[in-house]
Amino acid sequence: MSTLVLLLITGVGLGALYFLVASGLSLIYGLMHVLNFAHGAFLSLGGLLGWEVGRRVGDGTWGGLLVSMLVGMLVGALFAIVTELVFIRRLYNRHIEQVLVTVGIGLAAVALFEGIWGSDPIITTKVPWLRQTTEVVGARVPNHIWLLIGVAVVVLLAIVLFLRFTRFGLVIRAGVENRTMVTALGIDVRTAFTIVFAIGGAAAGLGGVLASVYYGNVSAHQGTSLLIYAFIVTVIGGLGSLTGAAIASVLIAVLQQLANFYLGGTGDLIIVLALAAVLLVRPSGLLGRAA
Amino acid sequence: MSALLHVEGLRARVGGQQVVEDVSLDVADTGVTALLGRNGVGKSSTIKAILGIIERDGTVEFDGRPIDRLRTDRIVRQGVAYVPEDREVFASLTVEENLTLATRQAAPNRGLVDELFPELRERARQRAGTLSGGQQQMVSLARALLNDNRLLLVDEPTKGLSPRLVGEVTRVLRTAAEQTPMLLVEQNLQVVREIAQDVVVLSGGRVVHRGAALEFLDDQDLVHRHLGVAA
Amino acid sequence: MSRLTGNRFVVPVLGVLLVVFAALLPRLDLSVPGVLPGATYTPGTLQILAYGFLIAALALSYHLIFGLAGMLSFGHALFFGAGAYGLAIVLRRLLPAELPAGVALLIAVLVTLVVAFVIASAVGALALRVTGISFAMVTLAFAQAMNVLVRRNTGGQTGGEEGVSVTSAMVPDVLIGVRNSANLYWIALAILVLVYLATVWIESSRVGHVAAAARENELRVRVLGLRPYTVRLFVFTAAGVLAAVAGMGMVLLQSGTTPRVTSADFTLTLLVIVVLGGVGYRWGAIVGGLVYTLLDKRLSDLASSDLIASLPAVLRIPLSEPIFILGSIFVLIVMFLPGGIAGIAHRVRSGGESSHAH
Ligand SMILES: Nc1ncnc2c1ncn2[C@@H]1O[C@H](COP(=O)(O)OP(=O)(O)OP(=O)(O)O)[C@@H](O)[C@H]1O
Ligand SMILES: [Mg+2]
């Protein structure tokens, strides 16, 4: 019983991490039809620079962690904005080329990070409280899981509120549905492109810092490995659906944890099979509109 | 009479197919110019090409200035409003949100819209996707009429509407046309007769007839030849 | 017109001459300083060239899916990996049977081909039920599954992170050791020629034409009463089997393989190669494969050179990461040189007119 509770809660925590990556991917795809392979690089850079700044402010303190998170968001957003303005925008409406460019940026950026920070994971220092556990119905849950869940919930709420109550949010929601008609109402939808990239990049950069808390290390590759899971989550949730991404993140991460524990470490395999199954039964994903 | 919109040698491709071959037409700076033709001759594509929604070649001048290189949103912001063939309301947004999104000026013509479409005010918080076809058409027209436009491009506004609604929409179009010149695609020749002054007829992506509306509609032979129906 | 009829003869003749020349290289003493590490008869150079040929063959097979049929697959490494792992595993299983090494190799090749065919048609049959980005994702997912399986040492067959090796007991002596690197080189060349001919055959067949037509306009193909699905499945399966052939060559050449060849990064590299060479051009895929291999090798050498070590960090770090440089080149090509190397050549020949493949 306590094992199951532990698996479920840590699954939700891992899902929170997936969501931070998948939310941006899903928004970007929904609006621009670009599957952003550079997203993992946003995450890695956010994690690495967040760590660099945070440890100088206060290694292993709440202050340091908070600064890391802010830096991670900022760095992720800036990297994403540059990617959109300099590369994606010039290939307007050429979706395959846009995907290819993000593939190139992802490869090159990660290689560069490796050059700077090396290819081995760098062990990070955790805030003492995050190293402890809290007991929930007999299960000793690592405290960092609560941080992950809390931050992901805040991010989800922030994005939902932004989409619902701002003019840009309105443009984005409309654009996800019918981008052509948005331009035909006299709206320059490219501004919205930059904004979704910025939001996605910020969430990914924040995810980078939290990934370093979750795994206890940062590395140039962290983003790339998380990216594949995030892709799977995004597709299962339904490309372009934020709620879908949130639900699928949790479902997939929990499934993965359970399979890893009860089915002899087959978590990765199970979620890949889940992806194949979902795509074949419901190609548009759980909450995606029919293609 | 002078031309507000001047189109010459317009060509456009859709899905690897040349659907607008060579269209030249003028839209007068007052009243309604009707764009006619059988199904699939390229009427909607012509309008989309004028707006740059599909890739196009050729000359398009609006008020004497070329707009054929501009992005769609820039063209629209010059005061060219578009009411698309299948309404294309944003189904997941409310009626109110659809209208807010379409507003381009600080003081939108809310009074006019409320007067023309009282029903929309009652349904402000309803999702546009759950509206009936006729109501969606009202949203689509309202989105255009909220702003002070210099030209309206309206594609089959009466498509699939009940006779009563056709009358309603015709009335709205007539009101709008008193203020703003219009290029109107319309299959219902009665509507054309009531509000259009000029016609341009397409066939196979080319213009096959141009002239005064009534003259064309009264020429049974011409109507039969180009539209395959009796006027 | 005369140029067209001329090309019909010039191209094959040129091709044959090129192959003959390539086949003679191990017996020649040619040096291309800065490009090849040594004279063409030296094992090191032959090894690199053979590697380049196999990558080129793999890129050609990918060209069928991406260039010809216009499908963006992120899972092609799966089939290359299937060929490489398949051959090594079957060879090891045959070992106790004490067959003559040549016979064992032949059987293993045939078995692997059948396995690759089954995997490719099964994956294709499922993945092709969706299109566009979803197709890319399903293929990525299947390749990822394969990657997970081999890294986990499933059934104790794949050797985990270590991979599998082909030992001297498993293959004929003529394929073992530095002395015989020319033989492996010739095998790699033969595989490239074979894959090339298969690609030509598929592209010029009716199926190839329909696949190309479906890339441009699926609707028109349907109107003609053809099912794009069937045609795409054929192309996908054929490309998978050809990729497995290249994979078999690779496992022989390198006396083994590691999980890297089944990774998503490896497929992405393939995408880089095809775009570098020029999407839609057959010889672009070949040139792309060779250029990429040589560039990668030279850039790695450069990275560890004294020259680089003496540079300040801002230059040293980027320049000592081959993937950074290759990735940047790739981005520039996508942005500014659609058509890649083949596209440049094409433009030069047609006198500066911009033109596209097909
Ligand atoms: N996305 C598309 N792919 C392929 N062909 C298309 C596409 N859109 C339009 N067409 C073709 O282009 C031609 C012109 O279409 P268009 O919609 O402009 O005609 P129309 O005159 O508006 O017809 P209708 O009166 O039925 O609305 C038609 O033959 C149509 O089949
Ligand atoms: Mg139409």
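This report walks through the cavities, the contact between chains A and C, and the salt bridges of a predicted model.

## The cavities

Let's start with the empty space inside. Searching the whole structure turns up four cavities of 30 Å³ or more. The largest cavity holds about 200 Å³ of space, and 18 residues line it. If you want to find the spot on screen, look for A:Trp51, A:Leu65, A:Ser68, A:Thr124 and A:Thr125, which are the lining residues closest to the centre of this cavity.

Where does the lining come from? Three helices of chain A, namely H2 (39-58), H3 (62-88) and H9 (189-215), each put in at least two residues. H2(A) has the largest share, with five residues. As for chemistry, the lining of the largest cavity counts ten polar residues, five nonpolar ones and three charged ones.

## Where chain A meets chain C

Now for the contact between chains. Chain A brings 36 residues to its contact with chain C, and chain C brings 36 residues as well. Together they bury about 3,200 Å², with carbon and sulfur atoms giving 84% of that area. Three leucines are worth picking out on the chain A side: A:Leu100, A:Leu107 and A:Leu280 supply 19% of the area that chain A buries against chain C, more than any other three residues.

What about charges and polar groups across this interface? Between chain A and chain C there are zero salt bridges, and two residue pairs are in polar contact, both at pLDDT 80 or more. On the side of chain A that touches chain C, at least two residues come from each of H3, H4 (95-117), H10 (222-237) and H12 (267-281). H4(A) gives the most here, with 15 residues. Sorted by class, this side of chain A has 28 nonpolar, five charged and three polar residues.

H3 of chain A turns up in both stories: this helix supplies at least two residues to the lining of the largest cavity, and at least two to the side of chain A that touches chain C.

## Salt bridges

How many salt bridges does the structure hold over all chains? The count is 23. One to look at is the pair B:Glu97 and A:Arg173, whose side chains meet at 2.9 Å, N to O. B:Glu97 sits in helix H3 (residues 95-102) of chain B, while A:Arg173 sits in helix H7 (residues 167-177) of chain A, so this salt bridge joins two chains.

Technical notes
Residues are numbered from 1 along each chain as its sequence is written. Chains are lettered from A and ligands numbered from 1 in the order in which they are written. This is a predicted model: local features need pLDDT of at least 70, side-chain atom pairs count only at pLDDT 80 or more; totals for chains, interfaces and linings use all residues. Side-chain values use heavy atoms; hydrogens and water are left out. On a 1 Å grid over the protein atoms alone, a cavity is a set of points where a 1.4 Å probe fits but cannot get out, and a pocket is an open set with protein on both sides within 12 Å along at least five of seven lines; lining residues have an atom within 4 Å of a point. Grid points are joined across faces, edges and corners, and a volume is the space filled by probe spheres set on the points. Helices (H or I, at least four residues) and strands (E, at least two) are DSSP runs, numbered from the N terminus. Ala, Val, Leu, Ile, Met, Phe, Trp, Tyr, Cys and Pro count as nonpolar, Asp, Glu, Lys and Arg as charged, and the others, Gly among them, as polar. Contact means heavy atoms within 4.5 Å. Buried area is the accessible area (1.4 Å probe) that two parts lose on being put together, summed over both. A salt bridge is a side-chain nitrogen of Lys or Arg within 4 Å of a carboxyl oxygen of Asp or Glu. A polar contact is a pair of N or O atoms within 3.5 Å; within protein, one must be able to donate a hydrogen and the other to accept it, and residues adjacent in sequence count only if both atoms are side-chain atoms.
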